[in-house]
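Student: Could you take me through one part of this model up close? I would like to see how two neighbouring helices pack and what lies between them.

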Amino acid sequence: MFTPGGRTSIRFEKHLAGIQAYDKIQVFKEEFRSSNDQKALEELEETLYLFNNNNFEQTTASEVIEKVKLVINSL
């Protein structure tokens, strides 16, 4: 997934950002469970449910991603 000259592609960078976000979410979930912080865990789960809804007629995937980023970065 590298281009000539050692440069990466936009697709690879986006893929990497997604993997890092997933890892960060898993760390937060474990931290909230171990500290018994139900409020933060519920907020995170509710935000992630936006992806499970599969209803992007009212909102775009980009908008959902931005909402999730805001919640993750505020935790």
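Tutor: Happily! In this predicted model, the axes of helix α1 (residues 10-34) and helix α2 (residues 38-52) come within 9 Å and cross at roughly 145°. The crossing of α1 and α2 is left-handed. On the α1 side, the residues that meet α2 are Ile25, Phe28, Lys29, Phe32 and Arg33, and their partners in α2 are Ala40, Leu41, Leu44, Glu45 and Leu48. Sorted by class, this contact of α1 with α2 holds seven nonpolar and three charged residues, with no polar ones.

Two of the α1 residues deserve a second look. Phe28 and Phe32 are four residues apart in helix α1, so about one helical turn separates them. Both Phe28 and Phe32 are buried. The model has one aromatic pair. It is formed by the rings of Phe28 and Phe32, whose centres are 5.7 Å apart and whose planes lie at 10°; the pair is stacked because planes under 30 degrees apart count as such.

Now step back to the surroundings of that pair. Phe28 and Phe32 belong to the largest nonpolar core, which has 10 residues and also takes in Ile25, Ala40, Leu41, Leu44, Leu48, Val64, Val68 and Ile72. Helices α1, α2 and α3 (61-74) each give two or more residues to this core, and α2 provides the largest share, four residues. One core member, Val64, has further contacts to follow: beyond its neighbours within four places in sequence, Val64 touches Leu50, Phe51, Phe56 and Thr59.

Notes. Residues are numbered from 1 along each chain as its sequence is written. This is a predicted model: local features need pLDDT of at least 70, side-chain atom pairs count only at pLDDT 80 or more; totals for chains, interfaces and linings use all residues. Side-chain values use heavy atoms; hydrogens and water are left out. Axes are lines fitted to C-alpha atoms, for helices over the stretch in contact, and angles run from 0 to 180 degrees between N-to-C directions. A crossing is left-handed if the near helix is turned anticlockwise from the far one by less than a right angle, and right-handed if clockwise. Contact means heavy atoms within 4.5 Å. Ala, Val, Leu, Ile, Met, Phe, Trp, Tyr, Cys and Pro count as nonpolar, Asp, Glu, Lys and Arg as charged, and the others, Gly among them, as polar. Rings of Phe, Tyr and Trp (its six-membered ring) pair if their centres lie within 6.5 Å; planes under 30 degrees apart count as stacked, over 60 as edge-to-face and the rest as tilted. Buried means under 20% relative accessible area, exposed over 50%, partly exposed in between (1.4 Å probe, protein chains only). A nonpolar core is a set of buried Ala, Val, Leu, Ile, Met, Phe, Trp, Tyr and Cys residues joined through side-chain atoms within 4.5 Å.
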